[in-house]
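Here are my comments on the model, set out as numbered points for you to follow with the coordinates open. I begin with a term that the opening point relies on.

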Amino acid sequence: MTDGAPRDAGLRPAGAYSVARLVGELVHTAGMTPRVDGALVATGRIGRELDDAQALSATRIATERALAAAAHAVPEGALLTGVVSLTVYLAVADGFVRLSEIADAASAVVVERFPDAELPVRAALGVAALPGDAPVEIQLIARWADRAST
């Protein structure tokens with residue numbers, strides 16, 4: 001079993017925390033921002049510096065990174081079987097209220113990855129700012145199992 005440290009160099013924590021941790025049959029991830037090759041793909045607030053299309057794309061990328069962090073935390077020979085909980089933090093301009101519509105991009109990634117699993121519970125929160133001026137941060141809790149038991 002791994003200690004929860006990612007095996008992928010692109011998933012290094014930006015501070016004093018773990019990227020993902022196993023707790024029983026669950027894997028909890030840290031908040032993941034939309035990065036490609038270590039760099040944010042977008043910065044700023046949704047509804048001000050970013051339009052909906054840019055926010056949807058950034059949300060998908062951040063969700064893929066959170067799933068990658070979860071997958072890298074599980075033991076060799078195991079796999080993720082679904083997402084139990086999804087938290088979507090969105091840095092938004094004053095008055096922006098389409099949080100659920102943007103968060104649906106994260107849910108869509110989960111459905112694409114686990115089409116036969118139940119939908120996760122989800123919270124979408126609008127905030128004033130996120131680390132590095134990221135427009136979105138995704139935190140999730142996924143379930144995992146040994147390949148032999150699936």
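The bend at a residue is taken as the angle between two axes, one fitted to the seven residues ending there and the other to the seven starting there. Please keep in mind throughout that this is a predicted model.

1. In that sense of the word, helix H2 has a kink of about 25°, and the kink is centred on Ala105. The end-to-end span of the helix can be checked as well: at 1.5 Å a residue, the 15 residues of H2 (residues 99–113) should span 21 Å, and because the end C-alpha atoms are 22 Å apart, the two values agree.

2. Which residues of H2 are buried? They are Leu99, Ile102, Ala103, Ala105, Ala106, Ser107, Val109 and Val110, so Ala105, the centre of the kink, is itself on the list. An α-helix has 3.6 residues a turn, so residues three or four places apart point the same way. The cover over the buried residues of H2 includes helix H1 (52–73) together with strands S5 (78–91), S6 (121–127) and S7 (136–146).

3. The sheet is an open one of five strands, in the order S1-S2-S7-S5-S6, and its pairing is mixed. Strand S1 (20–23) and S6 stand at the edges with a single partner strand each, and therefore one side of each is left without a neighbour in the sheet. Neighbouring strands of this sheet are turned against each other by 20° on average, with direction ignored.

4. Both helices can be placed relative to this sheet. H1 packs on the sheet and touches S1, strand S2 (26–29), S5 and S7, its direction making about 35° with that of S7. H2, for its part, lies across S5, S6 and S7 and runs at about 170° to S5.

5. At one end of the strand order, S1 and S2 pair in the antiparallel sense over four bridges, with Val23 standing opposite Leu26 in S2. The two strands form a hairpin with two residues between them, and Gly24 in the turn has a positive phi of about 65°. In a regular strand the side chains alternate between the two faces of the sheet. S1 shows this alternation, since Ala20 and Leu22 point to one face and are buried, while Arg21 and Val23 point to the other and are not.

6. S5 and S6 run parallel and are joined by seven bridges, and Leu86 stands opposite Arg122 in S6. These two residues also meet H2: leaving aside residues up to four places away in sequence, Ser107 touches Leu86 and Arg122. Ser107 belongs to helix H2, and its side chain makes a polar contact of 2.9 Å with the side chain of Arg122. At 14% relative accessibility Ser107 counts as buried, because the cut-off is under 20%.

7. Two aspartates deserve a look at their backbone angles. Asp37, in the loop between strand S3 (35–36) and strand S4 (39–40), has a positive phi of about 55° although it is not a glycine; at 82% relative accessibility, it counts as exposed. Asp133, in the loop between S6 and S7, likewise has a positive phi, near 65°, in a residue other than glycine, and at 41% relative accessibility it counts as partly exposed.

How values were computed. Residues numbered from 1 in each chain as written. Predicted model: local features only at pLDDT ≥ 70, side-chain atom pairs only at ≥ 80, totals over all residues. Heavy atoms only, no water. Expected span 1.5 Å × (residues − 1). Buried < 20%, exposed > 50% of the residue type's maximum accessible area, 1.4 Å probe, protein only. Contact = heavy atoms within 4.5 Å. Pairing = 2+ DSSP bridges. Axes fitted to C-alpha atoms, helices over the stretch in contact; angles between N-to-C directions. Polar contact = N/O pair within 3.5 Å; in protein donor to acceptor, adjacent residues only side chain to side chain.
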